[in-house]
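Work through the exercises below with the structure open. Each task is followed by a stepwise solution.

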Amino acid sequence: MLHKLRTFLGLENNIDKEKASATFRRRYAIFKELLQCNSNLATVIAEMEAMLDGERSADTNQIRKDALQACVECERMAASLNELTNNTHSELAKIVHALAVRIETEIAEQTLGDIHELTLPLENVDASLAYAVGGKNANLGEIHKALGIRIPTGFAITIQAGILHLLRTNGLFKKIHAVLRTVDPELPQSIRDASKAVQKLIIDAEVPEEVRRAILKQWDATFAGRSTDVLCALRSSAIAEDGIQSFAGQYASVLGVTRETLFDAFKAIIASLFSERALSYRASHGFRLEAQGMGICCLEMVVPKAAGVCYSMHPLTVTSNCLVVNGVFGLGELVVDGSATPDTWLVSRTDKSIREEKIATKTEKLVLDVKDGNVATKRVPVPSEDANTPSLDHNALKDLCETVLALERHYQYPQDVEWAVDENNQIIILQTRPLQIDARLADRDVPDLTGVPTLASGADTAARGVGFGKIQHFDPEKDGTEFTKGAVMLLKHSSPMAMVALRNAAAIVAETGSMTGHMAILCREFNVPCIMNLPGICEQLSDGLEVTVDAIGGRIFSGVIPELSALAIKKERATIDSQALLLLKRIAPLILPLHLVDPNSEFFAAQNCTSIHDCMRFIHEFSYTAMFQISDDLAQGSGHEAALKLTCRLPIDLHIIDLGKGLTGNHPPSSVSINNIASVPMQNLIHGMLDPAVQAKGPRPIDMKGFLSVMGQSMIGANNQGGERFGDHSYAIISDRYLLFSSRVGYHYAVLDTWCGDTVNKNYIRFEFAGGAAGSERRIRRIRCIAIILRELGFSVDTEGTRLRGRFQKYPKETTSDRLVSMGRLLIMTRQLDMLMVDEASVQRFAANFLEGKYH
């Protein structure tokens with residue numbers, strides 16, 4: 001009533017169109033950034049779980065980086081939530097900060113502190129300095145110091161030098177940050193445009209004098225007496241490079257660098273941190289686009305007789321027990337970039353005997369070309385008499401394999417090694433990094449099951465292993481204690497609500513889900529095999545059916561498959577005899593556990609967040625609620641001036657507020673048509689609302705008792721909010737993938753909030769319905785009718801009196817779109833439905849009719 005009185009007296013605040021539109025765009029931008037941080041943090045947690053479980057190599061640098069990134073992402077999420085809610089959750093920010101301080105303290109006690117030198121001799125570098133010099137520098141220094149392996153002469157340019165170039169150049173960092181904030185990871189063109197802009201900014205900037213002096217001083221000291229004649233290769237050595245994610249080929253290398261061309265090469269490598277492919281790689285692996293540091297490895301050019309790559313284990317045929325060696329004459333870039341067919345050897349890991357040898361016909365080799373002070377690479381012919389000669393003799397081959405196996409033993413993980421051999425047949429290691437291979441299969445003989453019929457195949461693996469048991473459909477919204485121990489859990493989509501039953505499951509099968517989602521993380525934590533993304537599997541498999549779930553090959557078999565029994569043995573966790581795993585064990589309890597799984601529980605509160613994962617779950621839940629509440633602002637008239645009236649055949653007065661990319665084409669200043677709608681979720685909703693089958697073909701038959709109930713309740717003011725009408729306008733706040741639809745007409749309202757895009761983890765629909773003009777009993781029946789329909793559509797539903805809340809989340813874009821079309825039909829059908837809810841039979845009748853496509 002206060003709102004009506006203020007309007008009547010002319011005291012309502014006037015909000016101009018641009019200001020109102022900017023307000024909604026700001027809230028949407030905050031929400032969008034929060035969702036991206038949530039996605040980034042989910043990826044980090046999944047990576048740390050995999051390291052803790054021994055599925056991935058664990059190095060101190062990666063653990064340190066992941067832990068700090070987890071803190072940053074969670075702090076950004078907390079700040080975004082408080083911006084959305086006017087600081088309602090200020091206590092949460094304090095909890096996140098306290099967790100971050102504890103994590104940083106653990107890291108400081110387990111690793112060396114930050115260093116400020118701009119260069120370091122490689123003999124002073126080891127693995128503990130990876131965070132300061134990057135992966136490539138750290139690995140080269142480590143193997144030289146610890147194993148005495150020969151590496152090229154050179155030095156490390158530290159991360160700090162690159163940071164100073166970005167920070168000390170006036171305004172450069174702010175400009176870069178501003179450009180990167182425009183990037184949408186799902187739109188390749190935005191990555192391409194940002195990459196070009198950022199790289200130009202870096203290349204055009206002058207290298208700070210402090211950096212120039214330090215690098216030249218180290219160059220002269222390293223190459224004393226020949227500093228003006230030596231040729232070097234400058235290679236990227238980024239923070240995460242040559243670690244768990246290899247970043248192979250994502251960053252630049254510059255060959256033939258001289259003292260005079262040193263800083264052009266320096267800037268080119270720093271700029272490659274923001275190349276199109278590097279930005280895409282980081283986005284796809286969940287790294288922040290602006291948060292990576294770039295060190296540089298400055299190495300004297302080796303003039304090799306031959307060069308190539310060696311894998312300490314076959315990356316595809318894991319049971320072969322062989323090293324794989326590729327080699328060519330000259331520089332090894334022809335092997336690395338795949339532009340030449342190399343010689344190939346399979347060498348026994350046990351006795352170094354050659355199991356297979358394929359000598360290619362080598363017609364060209366790559367060499368350095370120095371002419372008039374300019375250095376480049378060029379292809380030259382291989383003499384015909386050498387074309388079919390092995391690039392490595394057998395003695396050198398054996399030496400190389402022994403060196404590579406020594407690297408594997410040192411790192412306790414299969415290695416991907418670039419090597420060169422000089423004219424004296426001496427092995428020189430150019431770089432080593434973890435081989436991208438599934439450690440869980442490395443010592444297992446995977447049986448050939450060709451011919452064995454499957455019930456389903458092609459699933460995505462979320463947690464590896466094999467499980468046997470009887471199918472049991474599971475509703476994560478219900479009591480998990482009823483789940484049978486040893487059964488195979490079958491559910492529509494992954495949900496952390498399955499936590500109560502998860503540890504009792506022999507395996508889990510979900511129709512949809514993501515390997516970085518909460519449930520996938522929990523499955524890896526508790527060693528429960530899990531496969532996802534098998535559309536229709538819940539209808540296909542019946543309770544009680546005995547199956548074998550192969551969460552290695554992504555298959556389901558009928559009955560028990562004895563050949564897979566060996567793979568059902570739980571994998572032993574990695575030992576913790578390394579500094580990296582000791583650090584991980586110390587910080588994991590502060591990051592990984594998830595205790596807040598039920599949003600409806602009293603325990604689901606900020607003060608009960610004891611890990612970064614808890615905070616993430618809490619923020620994620622309440623961020624949706626915050627966006628949902630924008631509908632209250634619209635109901636009070638806020639933002640009306642920013643809206644454009646939609647002209648179409650809808651039976652509601654609908655106004656559109658575009659947050660960006662939600663509308664397209666030309667339209668009048670105050671209205672838009674359906675043809676102007678570019679928002680995917682809005683298109684789907686309107687498609688359902690305008691479905692000819694759902695549009696009324698004449699006056700709806702009205703039950704007289706229902707009509708009199710409406711009139712009576714209106715006269716005595718016994719319906720919603722003490723008889724107050726909600727308003728007469730409906731609103732839709734839209735972007736290309738987002739929609740907040742608020743329809744508050746007369747005495748009832750419906751609010752639908754949704755994200756519909758290509759990232760499954762972000763997709764959701766939230767729906768709230770309340771009110772009505774009929775008596776309480778009829779309004780409650782309508783709520784029950786809507787609840788039946790929504791549950792059949794896959795929503796989780798809560799009802800309380802005449803109010804209903806429904807949720808549908810983490811489904812693919814196509815499925816989410818289909819549900820939005822159904823929601824459009826439902827919004828039209830349920831108008832004044834309360835007047836028709838004459839008895840309990842009408843509840844079931846109208847629900848069944850809707851699900852059968854009968855809307856009248």
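**Exercise 1. Two helices**

At roughly what angle do the axes of helix H10 (residues 209-222) and H11 cross, and within what distance do they come? Characterise the contact, then the surroundings of H11.

Solution. The model is predicted.

Step 1. Fit the axes. Those of H10 and H11 cross at roughly 115° and come within 11 Å.

Step 2. Assign the hand. The crossing of H10 over H11 is right-handed.

Step 3. List the contact residues. H10 supplies Val211, Arg212, Ile215, Leu216 and Trp219, while H11 supplies Leu262, Phe263 and Phe266.

Step 4. Sort them by type. The H10 and H11 contact residues comprise 7 nonpolar, no polar and 1 charged.

Step 5. Check burial. In H11 (residues 262-272), 9 of the 11 residues are buried, so the rest of the structure largely encloses this helix. The buried set includes Leu262, Phe263 and Phe266, and also Lys267.

**Exercise 2. The five-stranded sheet**

In what order do the 5 strands of the open sheet that begins with E1 lie? Find its edges and the helices that lie across it.

Solution.

Step 1. Read the order. It is E1-E2-E5-E3-E4, and the pairing is antiparallel.

Step 2. Find the edges. Strand E1 (119-121) and strand E4 (253-257) each have a single partner strand, so each has one side without a neighbour in the sheet.

Step 3. Gauge the twist. On average, neighbouring strands of this sheet are turned by 20° against each other, direction ignored.

Step 4. Examine one pair. Strand E3 (residues 232-238) and strand E5 (residues 294-300) are joined by 7 bridges in the antiparallel sense. Ala233 has Leu299 of E5 as its bridge partner.

Step 5. Add the helices. Helix H6 (residues 135-147) lies across strand E2 (154-157), E3 and E5, at about 110° to E3. Helix H7 (residues 159-168) also lies across E2, E3 and E5, running at about 120° to E5.

**Exercise 3. The six-stranded sheet**

Which strands stand at the edges of the open sheet of 6 strands? Trace the bridges that join its inner strands.

Solution.

Step 1. Write the order. It runs E9-E8-E7-E6-E12-E13, with antiparallel pairing.

Step 2. Name the edges. They are strand E9 (354-358) and strand E13 (427-434); each has a single partner strand, so one side of each lacks a neighbour in the sheet.

Step 3. Gauge the twist. The average turn between neighbouring strands of this sheet is 15°, direction ignored.

Step 4. Start from E6. Strand E6 (residues 306-311) has 5 of its 6 residues buried, so it is largely enclosed by the rest of the structure.

Step 5. Follow both partners of E6. Strand E7 (residues 322-329) is joined to E6 by 6 bridges, with Val324 in E7 as the partner of Tyr311. Strand E12 (residues 415-421) also pairs with E6 over 6 bridges, and Glu418 in E12 stands opposite Val309.

Step 6. Move on from E7. E7 pairs with strand E8 (residues 343-348) over 6 bridges. Here Val325 has Trp345 of E8 as its bridge partner.

**Exercise 4. The nonpolar core**

Which of the 51 residues in the largest nonpolar core touch the most other members? Take Met682 as a worked case.

Solution.

Step 1. Rank by contacts. The residues are Leu654, Ile656, Met682, Phe741, Leu752, Phe767 and Leu790.

Step 2. Leave aside neighbours within four places in sequence. Met682 is then in contact with Leu654, Ile656, Ile677, Ala732, Ile734 and Leu739.

Step 3. Widen the view. Of the 856 residues in the protein chain, 56% are buried.

Key:
Residues are numbered from 1 along each chain as its sequence is written. This is a predicted model: local features need pLDDT of at least 70, side-chain atom pairs count only at pLDDT 80 or more; totals for chains, interfaces and linings use all residues. Side-chain values use heavy atoms; hydrogens and water are left out. Buried means under 20% relative accessible area, exposed over 50%, partly exposed in between (1.4 Å probe, protein chains only). Helices (H or I, at least four residues) and strands (E, at least two) are DSSP runs, numbered from the N terminus. A nonpolar core is a set of buried Ala, Val, Leu, Ile, Met, Phe, Trp, Tyr and Cys residues joined through side-chain atoms within 4.5 Å. Contact means heavy atoms within 4.5 Å. Axes are lines fitted to C-alpha atoms, for helices over the stretch in contact, and angles run from 0 to 180 degrees between N-to-C directions. A crossing is left-handed if the near helix is turned anticlockwise from the far one by less than a right angle, and right-handed if clockwise. Ala, Val, Leu, Ile, Met, Phe, Trp, Tyr, Cys and Pro count as nonpolar, Asp, Glu, Lys and Arg as charged, and the others, Gly among them, as polar. Two strands pair if DSSP finds at least two bridges between them.
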